[in-house]
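Student: Please give me a close look at the pockets, beginning with the largest one, and explain each term as you go.

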Amino acid sequence: MSDRRYLRECLELAARARGATSPNPMVGAVIVREGTVVGRGFHPGPGKPHAERLALQEAGERARGATLYVNIEPCRHQGRTPPCVDAIIESGAARVVVSTLDPDPRVAGGGVAALRAAGLTVDVGEGAQEAAFLNDAYLAFKSRGLPLVIGKAAVSLDGRLATRERQSQWITGAAARQWAHELRAASDAVLVGIGTVLADDPRLTARGAAGTGPRLRVVLDSRLRTPPQARLLAEADGQPLIFSGVAAEREAQRRLEAAGAEVERLGTTAGGMLAWPEVMAALARREVLSVLVEGGSGVLTSAFEADILDKLFLVYAPLLIGGSAALSLWGGAGVGELTAAPRLHHVRRFDLGDDWAVEGYLHPPEPPL
């Protein structure tokens with residue numbers, strides 16, 4: 001029971017840097033000696049000290065014979081900072097408790113093996129699922145080489161994203177809209193389709209939120225219809241990135257690049273739509289660990305149909321829109337049998353002012369053990 005308590009504190013510490021650590025994981029460390037916490041630390045971001053070293057620094061000589069708790073396996077390789085395994089061994093700590101292994105090939109169980117070879121007791125697996133939820137994007141990227149894809153939408157009670165006149169601002173209230181900015185700040189990239197750009201002229205920035213994201217503000221625009229005067233091109237926070245088809249006009253590309261956008265041409269489907277595998281691979285090349293897909297209906301529908309969404313955040317407003325011509329969360333043909341319907345796992349529900357949110361995984365993260 002005490003192990004779980006201290007690992008929970010590790011997760012709380014790690015979460016303080018949410019949105020600031022990519023491409024590294026969020027890591028918290030706690031050092032306990034004779035029932036007393038003698039050191040704490042969390043990794044604040046790339047190039048900065050790791051959680052274990054900060055906790056050891058605070059503990060000093062009190063780390064000798066102590067137990068170090070950490071939510072993910074300590075590193076054993078030289079990166080932007082020195083290996084944590086060496087510091088733990090040198091500290092004289094007697095035991096290390098780790099929630100999950102690190103799937104990074106440079107670690108991948110090697111950190112735990114090195115600690116055990118040095119004579120330390122190492123226990124792995126306590127609180128593994130909670131630790132995997134915290135670092136779901138990191139685990140997805142390291143295990144499959146692709147970003148974690150998160151779908152987000154604000155909908156009416158009857159599942160509409162907008163009216164038949166394409167009005168969507170604002171379905172939800174101020175609390176839900178601020179929460180959406182928090183999601184953006186915690187994501188490496190935010191992505192919309194050209195329909196949303198033309199209808200809403202969004203900025204796609206995280207305003208009034210903690211975190212450093214989104215690093216990229218992405219538009220799927222196969223024919224390069226994004227106006228050079230679009231608000232997202234005038235914002236300094238986050239590079240605008242437009243994915244277009246190979247046949248898009250070169251002059252349109254030059255205008256958008258002159259307005260500050262990066263344009264990359266990708267392969268398309270037989271119907272002229274951008275292909276999701278190409279989009280995901282292009283984001284992975286930019287070391288995007290998480291991408292927040294905000295719509296609109298066409299993009300979300302194609303994401304559902306391609307089964308690329310790992311996680312969903314849906315905010316429901318207490319209103320009804322109705323109408324077969326109104327935009328729905330998932331259009332197209334949908335599923336024919338309930339057995340084929342995607343189901344959310346590890347569901348969480350919470351209030352956001354007068355609205356309420358549902359969060360869950362379509363593809364839950366598997367803790368590496």
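Tutor: Helices (H or I, at least four residues) and strands (E, at least two) are DSSP runs, numbered from the N terminus. The model is predicted, so to speak of local features we need a pLDDT of at least 70, and side-chain atom pairs count only at pLDDT 80 or more, while totals for chains, interfaces and linings use all residues. Residues are numbered from 1 along each chain as its sequence is written, and side-chain values use heavy atoms, with hydrogens and water left out.

The largest pocket (an open set of points on a 1 Å grid where a 1.4 Å probe fits, with protein on both sides within 12 Å along at least five of seven lines) has a volume, the space filled by probe spheres set on the points, of about 1,300 Å³. Its lining, meaning residues with an atom within 4 Å of a point, consists of 50 residues, and those closest to the centre are T196, D200, E294, G295 and G296.

If you now follow the chain through this lining, the helices that each supply at least two residues are α7 (174-185), α8 (194-200), α11 (276-285) and α12 (297-306). Strands β6 (148-155), β7 (160-162), β8 (189-193) and β12 (290-295) likewise each supply at least two. Helix α7 gives the largest share of the lining of the largest pocket, namely six residues. Sorted by class, this lining holds 23 nonpolar, 15 polar and 12 charged residues, where Ala, Val, Leu, Ile, Met, Phe, Trp, Tyr, Cys and Pro count as nonpolar, Asp, Glu, Lys and Arg as charged, and the others, Gly among them, as polar.

The second largest pocket can be read in a similar way, with about 980 Å³ of space lying in it. Its lining is made by 45 residues, and the ones nearest its centre are R18, M26, L134, D136 and A186. Helices α5 (128-134), α6 (136-144) and α7 each give two or more residues to this second lining, as do strands β6, β12, β13 (311-316), β15 (345-352) and β16 (355-361). Helix α7 again has the largest share, with four residues in the lining of the second largest pocket, whose residues divide into 22 nonpolar, 11 polar and 12 charged.

When you turn the model on your screen, α7 is a good place to pause, as this helix supplies the largest share of the lining of the largest pocket and of the second largest one.
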